[in-house]
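Take a look at the fold below. Follow the chain from its start to its end before reading on.

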Amino acid sequence: MDDMIKVTVIDRENKVHELEAPTDMNMNMMEFCKAVELPVEGTCGGMALCASCHMYVESDHDLPIASDDEEDMLDQAFFVEDNSRLGCQIKLNNDLEGLVVRLAPVSE
């Protein structure tokens, strides 16, 4: 189907979840992970006001440049890497076919 893409989410226990994600519902990766009951919080509701949906993009996809708000939140997050992004800022679309992300560790 043209309105579904394959994405892979690696959870915090290194379990690989190969999933089909809709591209016709205006969802982002944070919302999608919550919908499939993966442990992503999204405390701020996807407004880039927290970092509870922090994830690492492990595939070689050309994502839009992070906004200043996203950069500010990542500056305050734990375990930030060069490939860190907020899941709420990764909008699902057909260009993300084959996307691979790993959930970032939580601070404890």
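What follows goes from the overall fold to the core and then to one loop residue.

Keep in mind that this is a predicted model. The protein has five strands and two helices. Trace them in sequence order and you get the pattern β-β-α-β-α-β-β.

Next, the overall dimensions. The C-alpha trace spans about 40 × 30 × 25 Å along its principal axes. Does the radius of gyration fit a globule or not, and why? A compact globule of 108 residues would have a radius of gyration near 13 Å, and the protein has 13 Å, so the two agree.

Contacts tell you how the chain folds back on itself. Take the contacts between residues at least 6 apart in sequence. Of these, 61% join residues at least 24 apart.

Now the surface. The protein exposes about 6,400 Å². Carbon and sulfur atoms supply 47% of that area. Count the charged side chains and you find 24 negative and 7 positive. The centres of these two sets lie 6 Å apart.

Turn to the inside. Of the 108 residues, 43% count as buried. In soluble globular proteins, nonpolar side chains tend to be buried together. Here, the largest nonpolar core has 26 residues. Which of them touch the most other members? They are Met 29, Ile 90 and Leu 99. Several elements give two or more residues to this core: strands E1 (4-10), E3 (54-57) and E5 (99-103), plus helices H1 (29-35) and H2 (68-76). H1 gives the most, with four residues.

Look at Leu 99 in detail. Leaving aside residues up to four places away in sequence, Leu 99 touches Met 29 and Ile 90. Leu 99 also touches Lys 6, Val 7 and Thr 8. Its other partners are Val 57, Ser 59 and His 61.

Finally, find Asn 28. Asn 28 sits in the loop between strand E2 (16-22) and H1. Is Asn 28 buried or exposed? Asn 28 has a relative accessible area of 2%, and buried means under 20%, so Asn 28 is buried. What does Asn 28 touch, beyond residues up to four places away in sequence? The partners are Gly 87, Cys 88, Ile 90, Lys 91 and Leu 92. Ile 90 is thus a partner of Asn 28 and also of Leu 99. Asn 28 and Asn 93 are 65 residues apart in sequence. In space, their C-alpha atoms are 8.9 Å apart.

Methods
Residues numbered from 1 in each chain as written. Predicted model: local features only at pLDDT ≥ 70, side-chain atom pairs only at ≥ 80, totals over all residues. Heavy atoms only, no water. Rg over C-alpha atoms; globule rule 2.2 N^0.38 Å. Buried < 20%, exposed > 50% of the residue type's maximum accessible area, 1.4 Å probe, protein only. Contact = heavy atoms within 4.5 Å. Areas by Shrake-Rupley, 256 points an atom, 1.4 Å probe, with all protein chains shown as cover. Lys, Arg positive; Asp, Glu negative; His and termini not counted. Charge placed at Lys NZ, Arg CZ, Asp CG, Glu CD. Core = buried A, V, L, I, M, F, W, Y, C linked by side-chain atoms within 4.5 Å.
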